[in-house]
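The following exercises concern a single protein chain with its ligands. Each one sets a task and then works through the solution step by step.

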Amino acid sequence: MIISVASGKGGTGKTTIAVSLSLSIESIEDVQFLDCDVEEPNAHIFLKPTIKTQNKAYIPVPQIDETRCNYCGRCAEVCVYNAIAILPPSEGKKGNSLIFPQLCHGCGACSALCPQGAIKEVNREIGVVEAGNCGRIEFIQGRLNIGEAISPPLIRQVKKHIKPEKTVIIDVPPGTSCPVVASLKGSDYSILVTEPTPFGLNDLILAVELLKIMNIPFGVVINRADLGTDEVDKYCYEQDIPVLMRIPFKREVAITYSKGEPMVKVFPQYKKDFTDLFNKIKKERCKRENRDS
Ligand code: SF4
Ligand code: SF4
């Protein structure tokens, strides 16, 4: 089962939940932890894995052979990311081509559709995929190179490591944009972590809409549940969204976090709550499967 842990906004405690869940069920499940928050992976701070392999990640970007190109502009037309520009003739030249590698997603459309066969692909390094383990937990993370603007290709390379026979926990980047979609895709269930504030509710609503479009079943975990308002609870009730867990604010937990210690290691009493969370997810998933069959 693939469980993604997502959040419409940053700072809700998403990584804390993903890490705590993994550490709480590692004795009963074969767990694989994927940190897909490749722009700022931080689960390793808490899990402290032993990294065994580091593989550079590349994407194929186009290179135009000017001796073959007739500047028809087809490649620029098909590139939805505006990573190629074909310029009109000037200074006695039939035309000019410009490639913006930082915008290229490596989809291959331009090279496949060039009528002159003038485009070859060259690898461009975008980051690294690291794999190792933290006790019984298999750990994989992506790290995007500084200055890179596009993370979904690296996220997809991290996800190639998924072993569906295991319980896979994915730490999803915050927000609702393309990296989030790339991370969530293929999930059997998603946990949306939020906090009971107007910002928390606003971004929860966006994340809920995304998961509905992606047809991924989900439930909500409310972190710092005793602070703020009850608007998140009301919203979940009205929308028939299961609230899987409420975690009250505790200063000691915040201190633990700031020291890079997983909360369930310092406060093992939480392990039962996270094991219950896992069992609820299994039940919710069964309910959904029965409803759909
Ligand atoms: S599609 Fe091919 S031939 Fe046309 S402009 Fe692009 S590289 Fe040149
Ligand atoms: S590979 Fe895809 S994204 Fe990159 S330039 Fe070609 S069409 Fe655009």
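**Exercise 1. Determine what percentage of the 293 residues in the protein chain is buried, and describe the chain as a whole.**

Solution. Buried residues account for 41% of the 293 residues. The model is a predicted one. Next, the secondary structure is counted: the protein chain holds eleven helices and eleven strands. Along the principal axes, its C-alpha atoms occupy a box of roughly 75 × 45 × 40 Å. Finally, among contacts with a separation of 6 or more, 74% join residues 24 or more positions apart.

**Exercise 2. State how the protein chain is divided into domains, and identify the residues with the most contacts inside the largest nonpolar core.**

Solution. The division gives domain 1 (2-57 + 133-292) and domain 2 (66-117). Taken over C-alpha atoms, the centres of domain 1 and domain 2 lie 40 Å apart.

The largest nonpolar core comprises 73 residues, and Val5, Ile169, Leu192 and Val221 have the most contacts inside it. Domain 1 and domain 2 each contribute at least three residues to this core. In soluble globular proteins, nonpolar side chains tend to be buried together.

Ile169 can then be examined individually. With residues up to four places away in sequence left out, Ile169 touches Ile3, Val5, Ala18, Leu21, Ser22, Val31 and Phe33.

**Exercise 3. Compare the expected and actual spans of helix H1 and helix H7, and list the buried residues of each helix.**

Solution. Begin with H1 (residues 14-25). Its twelve residues, at 1.5 Å a residue, should span 16 Å, and the end C-alpha atoms are 17 Å apart, so the two values agree. As to burial, H1 is mostly covered, with twelve of its twelve residues buried. Among them are Lys14, Thr15 and Thr16 at one end and Leu23, Ser24 and Ile25 at the other.

Turn to H7 (residues 198-214). The 17 residues of H7 should span 24 Å at 1.5 Å a residue; the end C-alpha atoms are 25 Å apart, which again agrees. In H7 the buried residues are Gly200, Leu201, Asp203, Leu204, Ala207, Val208, Leu210 and Leu211. Their cover includes strand E1 (2-6), strand E9 (189-194), strand E10 (218-223) and H8. After H7 comes asparagine 215, with a positive phi near 60°.

**Exercise 4. Characterise the residues that surround ligand 1 and ligand 2.**

Solution. For ligand 1, there are 13 surrounding residues, of which Cys69, Cys72, Arg74, Cys75 and Cys114 are the closest. By class, this shell consists of nine nonpolar, three polar and one charged residues.

For ligand 2, there are 14 surrounding residues, and the closest are Cys79, Ala83, Cys104, Cys107 and Cys110. The classes here are eleven nonpolar, three polar and no charged. Strand E3 (50-64) and helix H4 (109-113) each provide at least two residues of the shell around ligand 2.

**Exercise 5. Is alanine 83 buried or exposed, and which residues does it contact?**

Solution. Alanine 83 occurs in the loop between H3 and E4. Around it, 22 other C-beta atoms lie within 10 Å; the threshold for burial is 20 or more, so alanine 83 is buried. Outside four places in sequence, alanine 83 is in contact with Ile99, Phe100, Leu103 and Cys104. The C-alpha atoms of alanine 83 and isoleucine 99 are separated by 5.8 Å, although these residues are 16 apart along the chain.

**Exercise 6. Describe the exposure and backbone of asparagine 82 and lysine 48.**

Solution. Asparagine 82 is located in the loop between helix H3 (74-78) and strand E4 (84-87). It has 10 C-beta neighbours inside 10 Å; a residue with 12 or fewer is exposed, and asparagine 82 therefore counts as exposed. Its phi is positive, near 55°.

Lysine 48 belongs to the loop between helix H2 (43-47) and E3. With 13 other C-beta atoms within 10 Å, lysine 48 is partly exposed. The phi of lysine 48 is positive as well, near 45°. Most residues other than glycine have a negative phi.

How values were computed
Residues are numbered from 1 along each chain as its sequence is written. Chains are lettered from A and ligands numbered from 1 in the order in which they are written. This is a predicted model: local features need pLDDT of at least 70, side-chain atom pairs count only at pLDDT 80 or more; totals for chains, interfaces and linings use all residues. A residue is near a molecule or strand if its C-beta atom, placed from the backbone, lies within 6 Å of it. Helices (H or I, at least four residues) and strands (E, at least two) are DSSP runs, numbered from the N terminus. Ala, Val, Leu, Ile, Met, Phe, Trp, Tyr, Cys and Pro count as nonpolar, Asp, Glu, Lys and Arg as charged, and the others, Gly among them, as polar. A nonpolar core is a set of buried Ala, Val, Leu, Ile, Met, Phe, Trp, Tyr and Cys residues joined through C-beta atoms within 7 Å. Domain bounds come from an automatic or database domain assignment. Two residues are in contact if their C-beta atoms, placed from the backbone, lie within 7 Å. The expected span of a helix is 1.5 Å times one less than its number of residues.
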